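Here are some exercises for getting to know a new structure. Try each task yourself before you read the solution under it.

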Amino acid sequence: MQRRSTRPVEMDMEQKARSRSSFSRVKNRSISPNFGRSHFKKSSRNTELSPSALEDGEVMMDGRPFDKFSGRGREICSVNRPHLRARSRSVTDVSAVNDSDATDILDRSAKNRKKIRNKAHFPKYHFDKTRFVEQFRAALAARDHRSCFYALLRLSVKGGFDWVHQNLSEEIHTLEDTLWFCTSLIDCWKDAFRKENHIARQKSLSWLIGPLSSLLVQVCRTRFHLLCGSEQERLRKIVLSFGECIPAVSWSVLVMFLQLPVPEDEHLIRARLLLQDTNHLNDAFHFIKNLSLQNLLKFEEMISPFVFEKQLKLAADLVKDDPDLQHQFILFLRPIDAKFAYRIVLENELDPKRYLEIEATAKLPTLRWLMQQHKLVEFAEEICGDNIGLQCEVLKMTLRSKHVNEFVFLFEKFGAGAGDDDMIRAYREYQLAPFDVPTPSVDNVNLVDYLTLPVPLLFEPDNTILEQCLNNTTLIGIDAEYKPTFCNFVSGTPAQAAVLQLSSQSVSIVLDMCKPLSKERANIIRGVFRNPNILKLGFAIRGDIRALSATFTDTDCFSLVSPVLDLQKVARHLDVSGDQKLISLSKLCEAVLHKPLCKTEQVSNWGIRPLRKEQLSYCALDAYCLTDLYSKIVDRKLLSSAIKVGSEEIVDDLVILHSMHETISDARCGNVLHAMQESV
C-alpha cells in the first residue's frame with residue numbers, strides 16, 4: 001500500500017482560483033460527522049482570506065502573513081477538494097465555519113465543552129433619570145401605585161439613588177391617602193421580589209425596600225393618630241404581614257409605635273441573626289435598643305460581637321440604661337480595654353471606689369512610661385490620688401527598677417499605708433545605708449548643642465510693666481503650656497492652659513494661668529491680641545487659643561486674635577524638612593537657626609507650683625524663638641516664596657482668628673499680607 005505523503009501540496013495559480021470558488025459553497029455548510037476531532041482546534045479570531053493574498057500565492061490572516069509550513073494559525077476547517085485531504089489541514093486549503101458549527105462539535109466532547117464560556121452580550125443601557133422621574137410623577141398623579149413602584153424600581157440604580165432619598169418623602173406626602181398608598185407600594189415590592197429572578201433587578205429591589213420602609217415609618221408617625229379605631233386595626237394587620245421584608249430597624253420602630261402583637265421569640269431570632277452578621281451590628285444595636293431586648297438575650301451573646309469588632313461605644317450605649325448590665329460590661333472589659341472601662345465609670349459618674357482595680361489597670365501603663373522619662377515624681381501623686389492599690393503598685397515598680405530616690409520620695413509622700421512589709425524594710429535599709437543601693441543615672445544634657453534664651457525673662461510681672469513691654473513692639477510670639485492630660489479618660493474634655501508665654505524681640509514674659517485672671521490683666525491681653533499694628537506669631541496657635549478660651553470662660557479676651565501668622569503652615573512651604581506635614585518647632589529651628597530646641601521639659605507637670613527654673617526657661621524660649629524665626633525667614637527672603645506657593649493657606653491664618661468658631665474674615669488681612677511682602 002502506497003503511503004500518503006504528509007508534505008504540504010504545492011498549488012499553482014489555477015488550483016488556487018478553484019479553491020477560492022469553493023469557499024463560498026462550504027462557508028455556511030455544517031462539518032461532516034466523519035470529520036476527525038483531532039483536526040479541530042478552536043481559535044479566538046475569525047479567519048479571513050484576502051483576494052490579494054491568493055493572487056500573490058500567500059495567505060493572510062487578520063492582515064498578517066501566514067506561514068503554511070508552521071503549525072500556527074490552524075482553524076476549524078472543512079476540506080472541499082479530495083487532493084488536499086491530509087493529516088495537516090492548512091488554512092490555505094480550508095474555510096472557517098460559523099459559531100453554530102463549532103458549538104455542535106464541542107458538544108461531542110466533555111473536555112472541549114469546558115472551553116466554551118457562554119457570555120451574555122447585553123446592549124449598553126442608557127439611564128434616563130428625567131424620563132423615569134416624569135413617569136413616577138405621572139403615575140403618582142393617577143394614583144397608580146403599581147406604576148409608581150416600577151418607576152421607583154427603575155430609579156433604584158446608580159444615578160437615581162439620591163433622587164429617591166431626597167424627594168420620595170416630599171412627593172408621597174402630597175397625597176391625601178399617603179398611608180394606604182405606602183402600604184400598597186410595599187405590597188407591590190413583595191410581589192415583585194417573589195417573582196423576580198434577575199440578579200441585577202433583585203439588587204435594586206433589596207435597596208428599594210429601605211427607602212420604602214423609612215417612608216412608612218414617617219407616615220405612620222404623622223398620620224396614624226388621625227385614623228379611627230377600625231382603620232388603625234386594619235393598618236396593624238397590613239403592616240404585620242410585612243414583617244419578613246421590612247428591614248430590622250424600621251420594623252422595630254413600627255412594632256414599638258403601632259404596638260404590633262409580635263411574639264418575643266421572633267424578635268430574639270431576628271436579633272441573633274443580626275448579631276451574627278458583623279456588617280449589621282449598627283442595625284442590631286438599634287433593633288435591640290428599640291425593643292428592649294437586653295435582658296432577654298444572654299450577656300455574652302449580646303456583647304461579644306460588638307467587642308470583637310471593636311464597637312465598644314455601641315456596646316456601652318446598649319447597656320447604659322441597666323446598672324447591672326453596665327457593671328457586668330465594665331468587668332467584662334477589664335482584660336480587654338481597661339482604659340475604656342474606666343472611661344465608662346467617669347462618664348456615667350459611677351462610684352470610683354467600686355472600680356479601684358480597673359483604675360489601677362488603666363493607669364499603670366502611663367505610670368511606667370513616666371518612669372522611663374524620669375518624670376514619675378511629678379505626676380505620681382496626681383495620677384494615683386487616693387487609690388492605695390495603685391500607690392502600692394507604683395512603689396513596687398520603682399523598687400524593682402532600682403529608682404531609689406523616687407521610691408523614697410513617693411514612700412514618704414504616700415505614707416506607710418501604701419507599702420507592705422517588704423517596702424517598709426527597704427525604706428529603713430535605705431535610711432541606714434543609702435549609698436549601698438545604686439540609683440540609675442540620667443544622662444546630662446549639654447545645653448551648648450541647643451538654643452538658649454538670650455533675652456530677659458519676666459515671670460508674673462506687674463500689669464504696668466506688662467502693658468509697657470507688650471505695647472512697645474510690633475511683633476509678639478504666643479505660646480501656651482497645658483495641664484497634664486495623661487489620665488483624662490473622658491472624651492471631649494478640652495485642654496486647660498497652665499502657662500501663657502508672650503515674647504517680643506527684647507523680652508520674654510511668662511504668665512501663670514492657674515490662678516484667676518484679673519480684669520485689669522484681661523484688658524491688657526485683649527488690647528494686645530486685637531491690636532492691628534502688632535503681628536502675632538504662633539506655631540499651631542489655634543490649639544493654644546482654644547485652650548485659653550476653655551480655661552477662662554468668663555472673659556472674652558482670648559476670643560479674638562488679629563492679625564495672626566502661624567509659622568507651622570509657613571514651614572510647610574519652605575524646604576526645611578523631608579516631610580513638611582510633620583515638621584516640628586524644634587526641626588524648624590534647627591533648619592533656620594542651626595540649633596534645635598531642648599525638649600527635656602516637654603513632659604512636665606505644668607499644673608504644680610512653684611515652677612522649676614528649667615520649666616520657665618523652656619516655655620519662655622518656645623515663644624521667643626518664634627520672633628527669631630520670623631526675622632531670619634524675612635532676612636533670607638524665604639517668606640515671599642512661601643506666600644507665593646501657599647498663599648491661600650497662609651492668608652487664612654492672617655485673617656482674624658476666632659478661638660471657638662470658624663475663622664472670621666477681615667479687610668485688614670490684605671493690608672498685613674501686603675506689608676509683609678513689602679518688608680521682604
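Helices (H or I, at least four residues) and strands (E, at least two) are DSSP runs, numbered from the N terminus. This is a predicted model, where local features need pLDDT of at least 70, side-chain atom pairs count only at pLDDT 80 or more, and totals for chains, interfaces and linings use all residues. Residues are numbered from 1 along each chain as its sequence is written, and side-chain values use heavy atoms, with hydrogens and water left out.

**Exercise 1: a pair within a helix**

Task: Find where glutamate 233 and arginine 236 lie, and how far apart they are in sequence.

Solution: Start with the place: both residues sit in helix 10 (residues 229-240). They are three residues apart, about one turn of the helix. Next, look at the side chains: glutamate 233 forms a salt bridge with arginine 236, with 3.3 Å between the closest N and O atoms. (A salt bridge is a side-chain nitrogen of Lys or Arg within 4 Å of a carboxyl oxygen of Asp or Glu.) Side chains of opposite charge can pair when their charged atoms come close. Last, check exposure, where buried means under 20% relative accessible area, exposed over 50%, and partly exposed in between (1.4 Å probe, protein chains only). Glutamate 233 has 41%, so it is partly exposed, while arginine 236 has 18% and is therefore buried.

**Exercise 2: pairs across the sequence**

Task: Work out which parts the salt bridge between lysine 289 and aspartate 321 ties together.

Solution: First the distance: the closest N and O atoms of lysine 289 and aspartate 321 are 3.2 Å apart. Lysine 289 belongs to helix 13 (residues 281-291) and aspartate 321 to the loop between helix 15 (312-318) and helix 16, so the pair ties together parts that are 32 residues apart in sequence. For exposure, lysine 289 is partly exposed at 25%, and aspartate 321 is exposed at 63%.

Task: Now do the same for glutamate 601 and lysine 375.

Solution: Their side chains meet in a salt bridge of 3.5 Å, N to O. Glutamate 601 is in the loop between helix 27 and helix 28, and lysine 375 is in the loop between helix 18 (356-372) and helix 19 (376-384), so this pair ties together parts that are 226 residues apart in sequence. Both glutamate 601 and lysine 375 are buried. Then follow the shared partners: Lys375, Glu378, Glu601, Arg612 and Glu614 are joined by salt bridges into one network. The structure holds 20 salt bridges.

**Exercise 3: checking a helix**

Task: Test whether the end-to-end span of helix 8 agrees with what its 18 residues should give.

Solution: The expected span is 1.5 Å times one less than the number of residues. For helix 8 (residues 178-195), that should be 26 Å, and its end C-alpha atoms are 26 Å apart, so the two agree. Now see what is tucked away: the buried residues of helix 8 include Trp180, Phe181 and Trp189.

**Exercise 4: the strands around strand 9**

Task: Which strands pair with strand 9, and in what sense?

Solution: Two strands pair if DSSP finds at least two bridges between them. Strand 6 (residues 475-482) runs parallel to strand 9 and is joined to it by three bridges, with leucine 475 opposite leucine 535. Strand 11 also pairs with strand 9 in the parallel sense, over three bridges; here lysine 536 stands opposite valine 564. Then look at the faces. In a regular strand the side chains alternate between the two faces of the sheet. Strand 9 (residues 535-538) has Leu535 and Leu537 on one side and Lys536 and Gly538 on the other, and they are all buried.

**Exercise 5: unusual backbone spots**

Task: Which peptide bonds ending at proline 563 and proline 610 are cis or trans, and what is the sign of phi at arginine 143?

Solution: Most residues other than glycine have a negative phi, and most peptide bonds are trans. Serine 562 and proline 563 are joined by a cis bond, with omega about -10 degrees. Proline 563 is in the loop between strand 10 (560-561) and strand 11 (564-566). The bond from arginine 609 to proline 610 is cis too, with omega near 5 degrees. Arginine 143 has a positive phi, near 60 degrees, and is found in the loop between helix 5 (129-141) and helix 6 (145-155).
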